[in-house]
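I opened the notebook to record a few lookups. The topics are cavities, salt bridges and some residues of one chain.

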Amino acid sequence: MNPQAIIDGLVSGSTIGLGAIGLTLTYSILRFANFTHGDFLAWGAYLTLTVAGVLGGLAAGLGAPVYPFSFGWGLPLAILGGVVLTVTLALGLDRILFGRLRARGADAIIIVMASFGASMALRSLLEFIFTAKPAYFTKALQIANPLGFGMRATPDQLLVIGLTLLLVLALHLVVTHSATGRAMRAVSENPSLAGVYGIDVGKVIRVTWIIGAGMACIAGVMAGLLVQIRPYMGFDLLLPLFAAAILGGIGSIPGAMLGGLIIGLAEAFAVQIIGAEWRAAISFVILVLVLMLRPQGIFGQRGA
Amino acid sequence: MTALSLTDLRAGYDRDLPIVKGVSFTIEEGEAVCILGPNGAGKSTMIKAIAGLVPCFGGQVQLDDMDITGLPSHTLVRKGMGFVPQTENIFTRLTILENLQIAAQLLPRQARAGRIEAMLEMFPDLGSRPRELAGALSGGQRQMLAAARALLNEPRVLMLDEPSAGLSPKLVAQVFDTLRRISDAGVTLVLVEQNVRAALGLTDRALVLVDGRLAHDGPAADLHDGKLLGDLFLGHRAAEAGA
Amino acid sequence: MELVAYAAFFLTIAMTYAIISLGLNVQWGQTGLFNVGIAGFVGLGAYVSAALTTPDAVERIGGFELPIAVGWLAALVAGGVLALGVGLLTLRMRSDYLAITTFGIAVALQLVFQNAESLTGGAFGMAFIPRPFAGLQGQAFAFNMVNLVLTAAVVGAVYLLLEHLLRSPWGRALRAVREDEVAAQALGKNPVLLRLQAFALGGSIMALAGAVQAHFIGFIAPGNYLPMMTFQVWAMLIVGGSGNNRGAVLGAVLVWAIWALSGALISEIFPAGQQARAASLQIVVIGVMLCVILLWRPQGILPEVRSVSRHLGRRTKDK
């Protein structure tokens, strides 16, 4: 077996984990499985690409790659813009769709269905605007440097892994130690009691969308940077995202990250053993195993 | 001065099927009032409607002079209303301290630590292990934490939904002892209770709700012999409603 | 004459969707189970029936040249078994786990259709699926008409069966469970078992629809069973009126008409190079339509006829 699978798995697992964080948070706090979450990744990537294009038009130097990476200062700047726009998209969708259904007291499953409809619409809208042709953040080629033990990684890949770990650690600290994090955990346990405690549940919901959509955008950019940007990229990641969130335990940020890494690694090894064409089935197999053996996931509470 | 008043309040889960069918009363500042009634009379729904957890379809709720009808529950805490639900009234997956910290978030920054400290002192059972998960507490201790959380914000009106439910007689006495101290400190107390004897011992005034309407409003002492209460519960004296 | 033949063709396809929509109505409309893997169930039925009825082919296993009716029957069984498996795995858990798992099933089956070449013919799919009344194929009008009658007869049979079940004690128990699980349990109904039965029945009907469709067209490929199909069928049921079997059929015809007409419109208006792109607008429109209906008319065009007392099942949100 080729040890390179470890690096490949960690890299794609980082993207999945980061994306799954938003999914697990909206799942535990808003209490529905959000099928549009994958499309937040895709929209995040395209919006960032658009901002990068505008920035590149303003100042050509921003596009020049900064050694050793394949992209220039324009990309980190563009990500800021992309995050803001993706968050706006998520908050807007909550305002016109999910929030209204919540206010009406609709069953969670109706909101899931609405998210399914919205996901189809959002994805096809991307296809209409940007066409199905893949797009790229950079045309620069990168050499993978040897890391020892027969593994190689490009600087971009190492940056993705490092940045992901940093973001997850920061988020974990926020949720476990800040007042906002306490309020989020409280709402996820019992929203109506949270109101009795004086928590503005609407505000907690907005914070949840901001974190979830923000992370989704960054995950989408990472996936776009390492592979390519396609309108269907988010949809193709949806099953791995759900599998990671459930494997890690709904509501757990470290769980989502760990779940993402496990799925990334499992996919990478499966590609070597049974072939790349079966890659997408791995998440499904893991999902079924988790549901059979430990439905609450690694860090999940029973009955949660 | 009036602390809480209801005017023809109608509330419930379905507009076509109100559970509270037009209730009016006024509670003065510092009073301790208990709300009695048979199962399904709408006591719990009424208190939740006041607390902003159940939709109001008509009428008015006033806290002091403010109209608070239909305001979301979280805004009422700042206005001086405390509510302790009957069950699931603490966050079991958070620590005791975190439960109090959430409530303290509404206070000015410099006051928070002091108020939490005061509550932990007032309830020594909680003070001895603030970093434990609240889910590990016993039934009586949970009620204490729930009360401590509500008191932390120094409410002028404190409403409790069956604080004695599921507790042993010894713990009931302990809980009511605590409530008496709260009442003595000048807090207006509104209590929904099934445990009539314990409730009447604590409060000055009793409201009896039958089928979503007020069937009796008078001094708690009137109900001590149980005869009147029995009649009211069975609906024999419903005609005297609104006294 | 050509127009009538086309209309018959169009209606036959719409009728196959009506069967799927009826199957979904058992799962969602009557029971409240959210299936996001409809395309997988339909595809399974199509492939199973095709494998049994096609003539022997060198490149893949199967090809038993069995009668079409045997294929349909096998599709029914296969869909039921798959639904049973999924149901056993998830029906005890939160309702959205079923949604996620069925979504996964469709993804996994899509991969099988694509990659298990020795079984499914891979990306090229399967051809030479026997068509009912194949002897008439030379006369487009007669052929389309008899097939329309046959497919409509299947719709009618499924419709009558479901209406009968709906009025049976089983159907009442099912609705009781949907409305108020605790109360139904107190009456001695087993909610998990009832849901499992309903989910399996719906899965069977969807797979049957897949087989009927495959035999009418005579050719299947993995691309026919994309999530797009799941989405269309959902739109059909929600537009028509979930819980109402006539609504399910009406929705299927209506949404399929909107789909076909907007497709025709796009090929008229847009130049050839832009058509694939413009087609994505069709999906946007249907997606928005689905959300709008959920927001403003969740009961659809034909609302469910409530035979159980409306208040019996009101959920206590008191907890």
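The entries below take the cavities, then the salt bridges, then a few residues of chain A.

**Entry 1: cavities**

I noted at the start that this is a predicted model. I asked how many cavities of 30 Å³ or more the structure holds. The search gave four.

I took the largest cavity and looked up its volume, which is about 80 Å³. I then listed the lining, and every name carried the letter C: C:Val26, C:Gln30, C:Leu162, C:Leu165, C:Leu166, C:Trp170, C:Gly171, C:Leu174, C:Leu201 and C:Asn245. Next I checked which helices contribute. In chain C, α6 (140–167) and α7 (169–179) each supply at least two residues of this lining. I sorted the lining of the largest cavity by class and got seven nonpolar, three polar and no charged residues.

I moved on to the second largest cavity, which holds about 70 Å³ of space. I wrote down its lining as B:Val84, B:Gln143, B:Met144, B:Ala147, B:Leu160, B:Pro163, B:Val175, B:Thr178, B:Leu179 and B:Ile182. Two helices of chain B, α6 (139–152) and α7 (169–184), each give at least two residues to this lining. Which element supplies the largest share of the lining of the second largest cavity? I found that it is α7(B), with four residues. The class count for the second largest cavity came out as eight nonpolar, two polar and no charged residues.

**Entry 2: salt bridges**

I counted salt bridges over all chains and got 16. I followed up some in chain B.

I looked at B:Arg10 first, whose side chain meets that of B:Asp8 in a salt bridge at 3.7 Å, N to O. I checked the accessibility of both partners. B:Arg10 has 33% relative accessibility and counts as partly exposed. B:Asp8, with a relative accessible area of 36%, is also partly exposed.

I went on to B:Asp211 and B:Lys21, whose side chains form a salt bridge at 2.8 Å, N to O. This pair links distant parts of the chain, 190 residues apart: B:Asp211 sits in the loop between β9 (205–210) and β10 (213–219) of chain B, and B:Lys21 in strand β2 (residues 20–28). I read a relative accessible area of 43% for B:Asp211, so it is partly exposed. B:Lys21 is at 27% relative accessibility and counts as partly exposed.

I then pulled up B:Arg156 and B:Asp64, which meet in a salt bridge at 2.2 Å, N to O. These partners are 92 residues apart and again link distant parts of the chain: B:Arg156 lies in the loop between α6 and β7 (157–161) of chain B, B:Asp64 in the loop between β4 (56–63) and β5 (66–67). Is B:Asp64 buried or exposed? I found B:Asp64 at 13% relative accessibility, and it counts as buried because the cut-off for buried is under 20%. Its partner B:Arg156 is partly exposed, with a relative accessible area of 41%. I also noted a network in which salt bridges with shared partners join B:Glu31, B:Arg205 and B:Asp217.

**Entry 3: residues of chain A**

I looked for nonpolar surface and logged a patch of about 310 Å², made by A:Leu258, A:Ile262, A:Ile298 and A:Phe299. I picked A:Ile262 out of the patch and placed it in helix α10 (residues 253–274) of chain A. The relative accessible area of A:Ile262 is 34%, so it is partly exposed. Patch members need over 30%, and A:Ile262 passes at 34%.

I turned to helix α11 (residues 279–293) of chain A, where A:Val288 is found. A:Val288 has 18% relative accessibility and therefore counts as buried. I checked its C-alpha atom against that of A:Ala243, 45 residues apart along the chain, and got a separation of 8.8 Å.

I ended with A:Leu289, which is also in helix α11 of chain A. A:Leu289 counts as partly exposed at 41% relative accessibility. I computed the C-alpha distance from A:Leu289 to A:Ser115 as 26 Å, for a pair 174 residues apart in sequence.

Conventions
Residues are numbered from 1 along each chain as its sequence is written. Chains are lettered from A and ligands numbered from 1 in the order in which they are written. Side-chain values use heavy atoms; hydrogens and water are left out. Patches are made of residues with over 30% relative accessible area and no salt bridge: like charges are joined within 9 Å, nonpolar side chains (Val, Leu, Ile, Met, Phe, Trp, Tyr) within 5 Å. Accessible areas come from the Shrake-Rupley method with a 1.4 Å probe; for residues, only the protein chains shown count as cover. A salt bridge is a side-chain nitrogen of Lys or Arg within 4 Å of a carboxyl oxygen of Asp or Glu. Buried means under 20% relative accessible area, exposed over 50%, partly exposed in between (1.4 Å probe, protein chains only). On a 1 Å grid over the protein atoms alone, a cavity is a set of points where a 1.4 Å probe fits but cannot get out, and a pocket is an open set with protein on both sides within 12 Å along at least five of seven lines; lining residues have an atom within 4 Å of a point. Grid points are joined across faces, edges and corners, and a volume is the space filled by probe spheres set on the points. Ala, Val, Leu, Ile, Met, Phe, Trp, Tyr, Cys and Pro count as nonpolar, Asp, Glu, Lys and Arg as charged, and the others, Gly among them, as polar.
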